[in-house]
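User: I am new to this structure and would like a close look at a single part of it, namely the sheet, followed outward to whatever surrounds it. Please take it step by step in one connected answer.

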Amino acid sequence: MPTLPENQPHQQRQVAESFGTDAERYDRARPRYPEALVQRIVANSPGATVLDVGSGTGIAARQFQALDCTVLAVEPDERLAELARQLGVETDVATFEAWEPSGREFDAVVAAQAWHWVDPVAGAAKAARVLRPAGRLTVFWNVFEFPPDVADVVAEVCERVMPNAPFSFTAMTKGAMDGYQEFFAKSADGIRTAGGFGEPEQWRYDWEWTYTKDAWLDQMPTLGAFTRLPSDTMAEVLRGVGDAIDAMGGSFTMRYATVAVTARRTDAP
């Protein structure tokens, strides 16, 4: 989620590398990606070898494996990478910019909820280097939209408990898509600047997911706004949000839009 005070999230490595604090929770609680998107990426690639950049615990990688793809993951956090390996995903530990492909080539390079941690030009250039002719780079994010009443409560609780946070919780809960638009634009610009690709396209998939109170409180600590919070502060946030969800009946339905920026390799980089 785009909550960083800087305009260059890929320079905020301390946040990017905080998600491994509780790798099991991350893998359990984070939402998956629309099957239609995964299928479309595979169908529009020349083959079934996939490089998953910033792969975390391998959530997206396993979705590609389920379609009989051969997947190599690259993940800078050893804790996330180790769990991914335990779950059956071959994983190299490195940032994508520093990763050495050693002559390996791929039909698709993907990044799920991670490309904003990668330099957009250097990352696109590295993707062009490892893609086979007509291979496809696709970077995508799940963007959530709270129901208005839940958005109000989450923002109020977070602003009360974290008054000095360097970003707006109201913007986070009510205008997430606005924040992500910068990611989409920078990704497309990086692809154009790097060269070797056709004009980037944008694909969008809208869907919904109903959360119980326990399921949402399990996911909240895995979000970038909260991964570095002291445990007592996080507990206070969860108590407040949990009480509010209980008062609403114990569950709510979140609207999601999964947005991809994608381009096909057209010539040698």
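Analyst: What follows starts with the sheet, goes on to the loops and helices, and ends with a few single residues.

Please keep in mind throughout that this is a predicted model. The sheet is an open one, built from seven strands that follow each other in the order S3-S2-S1-S4-S5-S7-S6, and the pairing within this sheet is mixed. Its two edges are formed by strand S3, residues 90-93, and strand S6, residues 201-212, each of which pairs on one side only. From one strand to the next, the twist averages 20°. As background, strands of a sheet pair through backbone hydrogen bonds, and they may do so in a parallel or an antiparallel way.

A good place to enter the sheet is strand S4, which covers residues 106-112. Is this strand enclosed or open to the outside? Seven of its seven residues are buried, and S4 is therefore largely enclosed by the rest of the structure; the cut-off behind this step is that a residue counts as buried when its relative accessible area is under 20%. S4 has S1 as a partner, and the two pair in the parallel sense over three bridges, with Val 50 standing opposite Ala 108 of S4. S4 also pairs with strand S5, residues 131-145, again in the parallel sense, and here there are six bridges. Within that pairing, Val 110 has Thr 138 in S5 as its bridge partner.

Going from S4 back to S1, which spans residues 49-53, one finds that S1 is joined to strand S2, residues 70-75, by five bridges, and that these two strands run parallel. In this pairing Asp 52 stands opposite Ala 73 of S2. After S2 comes a loop that leads to helix H5, residues 78-86, and Asp 77 is found in this loop. Although Asp 77 lies in a loop, it is buried, because its relative accessible area is 4%. The side chain of Asp 77 is joined to that of Arg 79 by a polar contact of 2.8 Å.

The loop on the other side of S2 can be set beside this one. Asp 68 is found between helix H4, residues 59-65, and S2, and with a relative accessibility of 69% it counts as exposed. Asp 68 is also notable for its backbone, as it has a positive phi of about 70° although it is not a glycine. Ala 134 likewise has a positive phi of about 70° without being a glycine, but its place is in strand S5, and its relative accessibility of 28% makes it count as partly exposed.

The helices come next. Helix H7, residues 148-161, and helix H11 have axes that come within 9 Å and cross at roughly 150°. That angle makes H7 roughly antiparallel to H11, since values over 145 degrees count as such, and the crossing of the two is right-handed. The contact draws on Val 153, Val 154, Val 157, Cys 158, Arg 160 and Val 161 from H7, which meet Thr 233, Glu 236, Val 237, Gly 240, Val 241 and Ala 244 from H11.

Phe 226 has contacts with residues named in that pairing. It is found in the loop between helix H10, residues 213-219, and helix H11, residues 231-247, and at a relative accessible area of 2% it is buried. Among the residues that Phe 226 touches are Cys 158, Met 162, Phe 169, Met 172, Met 234 and Val 237. Phe 226 and Cys 158 are 68 residues apart in sequence, while their C-alpha atoms are 9.9 Å apart in space.

A second helix pair is formed by H6, residues 120-130, and H9, residues 176-194, which pack at an angle of about 55° with their axes 8 Å apart. H6 and H9 are therefore oblique to each other, and H6 passes H9 in a right-handed crossing. On the H6 side Pro 120, Val 121, Ala 124 and Ala 125 take part, and they meet Lys 186, Gly 190, Ile 191, Thr 193 and Ala 194 of H9. Ala 185 also lies in H9 and, at 39% relative accessibility, counts as partly exposed. Ala 185 and Pro 148 are 37 residues apart in sequence, and the distance between their C-alpha atoms is 27 Å.

Key: Residues numbered from 1 in each chain as written. Predicted model: local features only at pLDDT ≥ 70, side-chain atom pairs only at ≥ 80, totals over all residues. Heavy atoms only, no water. Pairing = 2+ DSSP bridges. Helix = DSSP H or I, 4+ residues; strand = E, 2+ residues; numbered from the N terminus. Axes fitted to C-alpha atoms, helices over the stretch in contact; angles between N-to-C directions. Buried < 20%, exposed > 50% of the residue type's maximum accessible area, 1.4 Å probe, protein only. Polar contact = N/O pair within 3.5 Å; in protein donor to acceptor, adjacent residues only side chain to side chain. Contact = heavy atoms within 4.5 Å. Parallel < 35°, antiparallel > 145°, perpendicular 65-115°, else oblique. Left-handed = near helix turned anticlockwise from the far one by under 90°. Lists of a residue's contacts leave out its neighbours within four places in sequence.
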